[in-house]
Amino acid sequence: MYFIFDFKARSLTTRCLSARALRFSGRRLAWLLAVERGDVRCLSSFQHGDHASPHLQSVGLAANQLLMHVPRLPQKLRRGEGLGGGPTGRISWLRRCVSALVDEERIELPWPIALETRQYAERLIQEAVRTELVTPDLSQISSLEDLLHPPWNEYPELSALLELSAFWLQKQELVTKLLRVLVPRYRFYNRSYTRMFRLQRPPYPNQDAFIMQGFGVLELHGNPWPPIGKPNLPKHVEGEAGSSVSVEPFKNKYFINLLGPMLRSVVSRHHPFHSASTTVTHHPALNLIETQKTYQPSVVEDPKRKKFSMILPPPNITGDLHLGHALTVSIQDAICRWQFMQGRDVAWIPGLDHAGLATEMTVERYLAKQMKTPGSTDLRRSLGREAFIEEIWRWKESKKSSILNQLNRLGLLLDWNAEYFTFSPEHSKAVNEALFRLSKAGLLYRTKSLISWCCHLQSAISDIEVERKEITKFTMLPVPGYAEEQAFGYVDVFDYKLIDGLGSVPVATARLETILGDTALAVHPNDVRYAHLIGKFVEHPFIKNRIIPIIADAKHVDPNQGTGVVKVSPGHSAVDFEMAEGGRCLEVVNILADDGSLNAVCGEFAGLPRFEARTLVAQRLAAMGLYRGRFGIGEANEFLASVTPMSLPVCSRSGDIIEPLLREQWFIDTSVMATAAFKASISCSIYFANVSGALRISPHFYEATWRDWLASERHRDWCISRQVWWGHRIPAYRIPEEHRPQSRDSVSSTSDWVIARDLDEARRLIAERCNCSINEVPVNLEQDTDVLDTWFSSSLLPFTAFGWPQEVLLHGLICDGNGQKMSKSKGNTIDPLNLIDGVGNLKPHQLGSGGGSGEGVRTLGADAVRASLLATDFTRSALVYTEESVLDFRRFGNKVWQSMRFLISEMARTGLSIDPKRQSVEVMWDKFLNQKAPEVPLLEKWILQRVAHLAWRFNASFENLCSEQGCDEALHNCVSDLRLWWTEDLCSVYLEVVKHRFRINGDAQENLDTLVACFLCGLRLLHPLMPHISEMLWQSLLNDGHSILLQQFPKVHPHSPSSNHASYALMSDDSDFIPEAIAAVSRLKSWRVLLGLGKAYTDSMGVSGLPTDARQEAALVELCSALAGLRRIDAGSAHLTSIPCGAGISLSFEPKSVDFNTAEKTLQSRLSKLTRNIEALRFKKKMKTDSGNGGLSHTEASKLALLERRISALNSQLQILLDCRNSDIPP
């Protein structure tokens, strides 16, 4: 049999490889191999003796078996790993894959690449096993040099195998591994040497290259990794000695990626961790803090540690979480992780809010949909209180699992052992205790007052639940309980007849049905039209025994609005109620029942729904000759001023039109508490510290809003009672009638009730108040059926959990990319899970799939969502958030991952092991404090200076997250700059320098010391933001089983000379040289691209004019070589042209083969485009100035200034180019 590797090379630089194996009947095998430039030939054929090898009888069948089918035409690969594609690039890629398989023994590859890699790996191992049959035991060699000496140098077959292995295995140690490890392992195999598995999901985070066939795991049989024949996921076993993982098989046969630290717990410490064998996943069951506790059981409370406590604002059980919740928990989790890494004992308590009214509405809609009665307006009452409450409890349990799963998916540091529910028995006791104390202090009372009433819910609602809908024209709106839409945006005008029969008074109203509750008419005392009517009376058109006075009121009546006459209905308007209480003793008449129908007071209209009554009242007035007509917004005539736009109060819960009604409710006197809260914020502002009882509010500009709300002229008493069923029943017990006091307040009924913690205490309090025996008090007292406002009961959580809070952090409202508030009705909401498990609404071209066969990014992950939220300026009142920002941080996570793979591979290659003490950034900072260390390279000093400054800024941000002492320390700026440091400073500059040093200096471990320190510091900085990937990579680096959460957050030591700045140890003039040098190298590269001085340029080229300072020169030489591929050159030669690039250096090259004309055209094209843009802006500026509109906006002005700077830079570059061209032209 034979097979041929045929890579069709078409250039002189391409190697052609041909190999042929021949079988000789009854004789040994010989490999005939030749590798030459553009030539294929056979060297020789050898036959040694007539006797078979002692192993041939037992393994001959296996050694001659065709293990893998080799296609006649190999599959094409899409790209060539940076070698320009084609056969050369394809060979390079396959060689890397085969080398990685032999090295790692388990790798992840795109499925078609894995298939082809498997074929070549099988053949390579097969021929190594065959060769071993005719040679002495290869496992006895100590190094490849041994093969140059007897007895191995006597075997041409071994020479042929070495040539083949040297081609496919790119590291010398891998050839040794093939001969010493793999050949003995597979010597007696009668099956394939490799096997493959399909991955269940794309590997994290490198999904950009995900292709249609998916990814696969290719591994060698007998590898040291845990077996994956039947997939298992490590799981913590409670109480099982000597084991930290258990095996739990999955239903499918796909390989589930393993979390690195769990994997290493069952892998020998002698095998270094390789990133290709394990990847991070966001498994639904993964709880990061539990995983960290599994790694290190010492994550427990320590009484000696400082305490930091915080409460999770409880999500409502009305539905799933939204992006606002994700922002809140991301901020809190970052703070908690930083506090924990500071050595504090962190208590972050999670929980759920029962959300009384909102939950009741949600469940009622759900049941109506399930029962197919969507038009029902009284479903809960048809079910009954007990049955309806049971339905809500079932709803709560179903939503609890969904919400907690969403929280877990974000990887939060929540203390689930202290989980709470705001409707639990424990919390109910705290609520009853609070009400009892308020009642005892005289701050709780019951009285009749005007409140906002929702007729659909048949309950009072809070002012914050009332939305104002602006009506600017005649509008039809749906109203719950009505089959047809109702009209708004008009006024009805009618006449009240004077009781003396000497005329009438025109009145305009937008709520005509409230005429049935009128008890007065009000006019302005200076209005000449009606001043003479003050003190007279009009007759009610429908209620004959009601005489209505005309009163004067200069405060509430505007003679230029409406007809100039205001009808006063104190029971249905806050303004009218205030007029009635102004010493006039006007009767307050209520005309509406709880459901919005007219009550018995309304006579012939009783029982009618309010909007139907409105139409009928108009008809009856018209029949009586009192109706003047209906007028829309903007209309006017001789008796009516122009109708102005209206503000319609709408219930945010039900969509019903809110009615101001007079109802008996429970209230809290807020004057004392408002004054105390006002003083608390003032104390904190004065002392800038949390003195006893002080309250710090962040961002600080909210303090003005806080004090405005609490100002004595603004705050009102709080209505805390609600007429719903789901919530804490007010612990108010009515005193039996026979024991009630004889003299009672006509308005307040507080004396009819007692507030008690339970029924027994209520009986005792009634007995004490009524001066009777407790046995005389009935056992079954009547308890008020009202429940508490959720805002009251839930607001007690911080006090019941930790006491008086010291700091309050507020974040803004999340808006979409257009600055619009996110809402379901607008269709611009973002579900966090759609981003964690998917890509949201991102388009294929944004995800990297383009028009090719690849599918690009499939999931963005929790870390990317968290980091993108923290990168927004959440201290603003409104913050703009886009899904593109998540994708950016997804790519950043991939950059972190890939850079760490490089470090791990270099550590394995050089044999470097991490010494946390020697390679600690903190230790290096202290070292650079010593001014006697001038030998420290500038690049090391610069990269550590950058990360030191970042660490200080992060600490200042977390420490003063509520004080906002500087924009530079704002958390969102720190997050963005950490990303910039990692991608630009660390990866694009310093990492390339390290690679260059390896190419120049070999495998010296010292080259990695600073890089390792930067990575260790960077991961600790990254952990509060992106805990999953930082935890995974930390475990892969240290391999000690200790969570990164247990490490100290990087910080400047207290003995620093300057406590106000982080980079105290590293800020010096010579380290400032590096940014200037990097900018100069960037200009070098730009000039090379412009002039076409690429790899194909064969004439002399280099860098000249290096600085005289030895350390600066060394740093600049390294940067030029590593980043631009240029070495120093003597510019004194007359045939070289030099272009200054900054930092004292110039690009020097031979100009004879440079196309200056093409370069000039390129610059002229760029200038033309920018000139057109700047001319358009200047023309716009001139037009605005001439028209008197002021000029350009701030954004446009900034754009104009930027264009001017870019044009100036391009003109300078063009002038340098022309000078170079002219200097090259002979005279």
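1. Leu327 is found in helix α8, which spans residues 323-341. The model is a predicted one, and Leu327 is a convenient residue with which to open this note. With a relative accessibility of 0%, Leu327 counts as buried. Its C-alpha lies 9.4 Å from that of Ser868, although 541 residues separate Leu327 and Ser868 in sequence. Beyond its neighbours within four places in sequence, Leu327 is in contact with His811, Gly812, Ile814, Leu869, Thr872, Phe874 and Leu879.

2. Ser330 belongs to helix α8 as well. Its relative accessibility is 1%, and Ser330 therefore counts as buried. The side chain of Ser330 reaches the backbone oxygen of Ala326, at a distance of 2.7 Å. With residues up to four places away in sequence left out, Ser330 touches Arg866, Leu869 and Leu870. Leu869 thus appears in the contact lists of both Leu327 and Ser330.

3. The chain as a whole should be described next. Its secondary structure consists of 31 helices and 35 strands. The chain has 1227 residues, of which 52% count as buried. When contacts between residues at least 6 apart in sequence are considered, 72% of them join residues at least 24 apart. The exposed area of the chain is about 57800 Å², and carbon and sulfur atoms supply 52% of that area.

4. Which residues touch the most other members of the largest nonpolar core? They are Leu407, Phe954, Leu1011, Leu1037, Leu1091 and Phe1149, in a core of 167 residues. Helix α25 (residues 971-1001) contributes the largest share of this core, namely 14 residues. A second core of 40 residues is separate, and includes Ile141, Leu147, Tyr193 and Met196.

5. The surroundings of Leu407 can be given in detail. Apart from its neighbours within four places in sequence, Leu407 is in contact with Leu312, Leu321, Val329, Leu412, Leu414 and Trp416. One of these contacts, Val329, lies within the residue range 323-341 of helix α8.

6. One open sheet merits a separate point. The sheet has four strands in the order β11-β10-β23-β25, and the pairing is antiparallel. Its edge strands, β11 (459-460) and β25 (718-719), each pair on one side only. Strand β10 (residues 444-454) and strand β23 (residues 659-668) pair in the antiparallel sense over ten bridges. Across this pairing, Leu450 stands opposite Leu662 in β23.

7. The cysteines should be examined with the disulfide question in mind. A disulfide is a covalent bond between the sulfur atoms of two cysteines. How many disulfides does a search of the whole structure find? The search finds zero. Cys454 has its closest cysteine sulfur in Cys651, but the distance is 3.9 Å, which is too far for a bond; the cut-off applied is 2.5 Å. Cys454 is buried, with a relative accessible area of 0%. Cys454 is also within the residue range 444-454 of strand β10.

8. Cys772 is likewise in no disulfide. The nearest cysteine sulfur to that of Cys772 belongs to Cys770, 5.3 Å away. Is Cys772 buried or exposed? Cys772 counts as buried, because its relative accessibility is 18% and the limit for that class is under 20%.

How values were computed
Residues numbered from 1 in each chain as written. Predicted model: local features only at pLDDT ≥ 70, side-chain atom pairs only at ≥ 80, totals over all residues. Heavy atoms only, no water. Helix = DSSP H or I, 4+ residues; strand = E, 2+ residues; numbered from the N terminus. Buried < 20%, exposed > 50% of the residue type's maximum accessible area, 1.4 Å probe, protein only. Contact = heavy atoms within 4.5 Å. Areas by Shrake-Rupley, 256 points an atom, 1.4 Å probe, with all protein chains shown as cover. Pairing = 2+ DSSP bridges. Core = buried A, V, L, I, M, F, W, Y, C linked by side-chain atoms within 4.5 Å. Polar contact = N/O pair within 3.5 Å; in protein donor to acceptor, adjacent residues only side chain to side chain.
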